[in-house]
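Dear colleague,

Please find below the structure that I am handing over to you, with its sequence. My account of what was found in it follows directly after.

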Amino acid sequence: MAALVDRPVVLFVVSFAGFLLATFLAVVAQRVWSPVKAGDQNELTIVQSAELTLLGLIVGFSFSMAVSRYDQRKNLEEAEANAIGTEYARADLMPEGAAAARKLLRQYLDQRILFYVTSDPARLDQIAAETNRLAADLWALARSNALAQPTPVAALVTAGMNDVLNSADYTTAAWLNRIPVPAWWLLVMIGVGSNLTIGLGAKRFSSLLLVVLPLTVAISLFLIADIDSPRGGVVEVAPQNLNRLAAALKGP
């Protein structure tokens, strides 16, 4: 399930096929074995209403969870850009190594932009290694300046460097914060149950109305997975603020 969630298009195809199959199997079962008798239609209607209501609630809650996590990732991207930009300005307060600090910050910024736009796992490992190396160099530079001249100004520069490094950790944690896999299984099971009850209550096998619910639920799962997936979906968190900062730092 986790692999499917990271590929929203594949999830849409698989879920739509599965829901449609469940609906048509229920129609066939009703026509061949008639598990729901004529006198059971009222009970079936109650079950259908309960299933569809529960499905709507779960889809709504899951969508809300995905959107809140997407907003969090966007806010943290902005926070990263602000932290790096602020520390770049504070680098002038360093008595020694100001030019080196600004150079390292520009390189660090480039790696953070690559983190947002890269999807290849091997490349991401390289980016993480390079980012960690630059972070260690930046902290060593800030630490050496603070120890050489333990003044309030040096403390301000060191605190700003700490914000830069912490912001990357916050971003990584937010990108790992996803909708739990059990919640996805619950969505799938309720979706299958809803389509089964629709199929059991259908009057015609060839009715196009039988496609509506499987398609609707599959599209809902696709949209939730797309928003919840930081790298595998169409809706992504673009490093707009980081790119804007990079352009400003490279400008005249």
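I begin with a charge over a ring, meaning that NZ of Lys or CZ of Arg is within 6 Å of the ring centre and within 35 degrees of the ring normal. Arg231 is placed over the face of Phe115, 4.5 Å being the value for a second arginine and 4.6 Å from the ring centre the value for Arg231. That second arginine is Arg112, which also lies over the face of Phe115.

Before going further, please note that this is a predicted model, in which local features need pLDDT of at least 70 and side-chain atom pairs count only at pLDDT 80 or more, while totals for chains, interfaces and linings use all residues. Residues are numbered from 1 along each chain as its sequence is written, and side-chain values use heavy atoms, with hydrogens and water left out.

**Aromatic pairs**

Rings of Phe, Tyr and Trp (its six-membered ring) are paired if their centres lie within 6.5 Å; planes under 30 degrees apart count as stacked, over 60 as edge-to-face and the rest as tilted. Five aromatic pairs are found in a search of the whole structure. One of them joins Phe12 and Phe222: the ring centres are 6.2 Å apart and the planes stand at 70°, so this pair is edge-to-face. Because Phe12 belongs to helix 2 and Phe222 to helix 8, the pair ties together parts that are 210 residues apart in sequence. Phe115 and Tyr116 form another edge-to-face pair, with 5.5 Å from centre to centre and 85° between the planes. In addition, Phe12, Phe16 and Phe222 make up one aromatic cluster.

The burial classes rest on relative accessible area: buried is under 20%, exposed is over 50%, and partly exposed is in between (1.4 Å probe, protein chains only). Phe12, at 24% relative accessibility, is partly exposed, and Phe222 is partly exposed at 23%. Phe115 is buried at 13% relative accessibility, and Tyr116 is buried at 5%.

**Overall form**

The protein chain has nine helices and zero strands; these elements are DSSP runs numbered from the N terminus (helices H or I, at least four residues; strands E, at least two). The radius of gyration, taken over C-alpha atoms, is 26 Å for the protein chain, well over the 18 Å that the globule rule gives for 252 residues, so the chain is more spread out than a compact globule. That rule is 2.2 Å times the number of residues to the power 0.38. Along the principal axes, the C-alpha atoms fill a box of roughly 90 × 30 × 30 Å. Of the 252 residues in the protein chain, 40% are buried. Contact means heavy atoms within 4.5 Å; of the contacts in the protein chain with a separation of 6 or more, 82% are between residues 24 or more positions apart.

**Nonpolar core and helix 9**

A nonpolar core is a set of buried Ala, Val, Leu, Ile, Met, Phe, Trp, Tyr and Cys residues joined through side-chain atoms within 4.5 Å. The largest one has 53 residues, and those touching the most other members are Ile84, Met94, Tyr108, Leu109, Trp184, Leu221 and Leu242. Among the helices that each supply at least two residues of this core are helix 2 (8-32), helix 3 (41-90), helix 8 (209-228) and helix 9 (240-250). Helix 3 contributes the most, with 10 residues.

Leu242 is in contact with Glu77, Glu80, Ala81, Ile84, Leu109, Arg112, Ile113 and Tyr116, leaving aside neighbours within four places in sequence. In helix 9, the buried residues are Asn241, Leu242, Leu245, Ala246 and Leu249. They cover an arc of only 140° around the axis (by the directions from the helix axis to the C-beta atoms), which puts them on the same side of helix 9. The face turned away from that buried side carries the exposed residues Gln240, Arg244, Ala247, Ala248 and Lys250.

**Asp228**

Asp228 lies in helix 8 and is buried, at 0% relative accessibility. Not counting residues up to four places away in sequence, Asp228 touches Val5, Ala66, Arg69, Arg73, Arg178, Ile179 and Trp184. Thr86 is 142 residues from Asp228 in sequence and 30 Å away in space, C-alpha to C-alpha.

Yours sincerely
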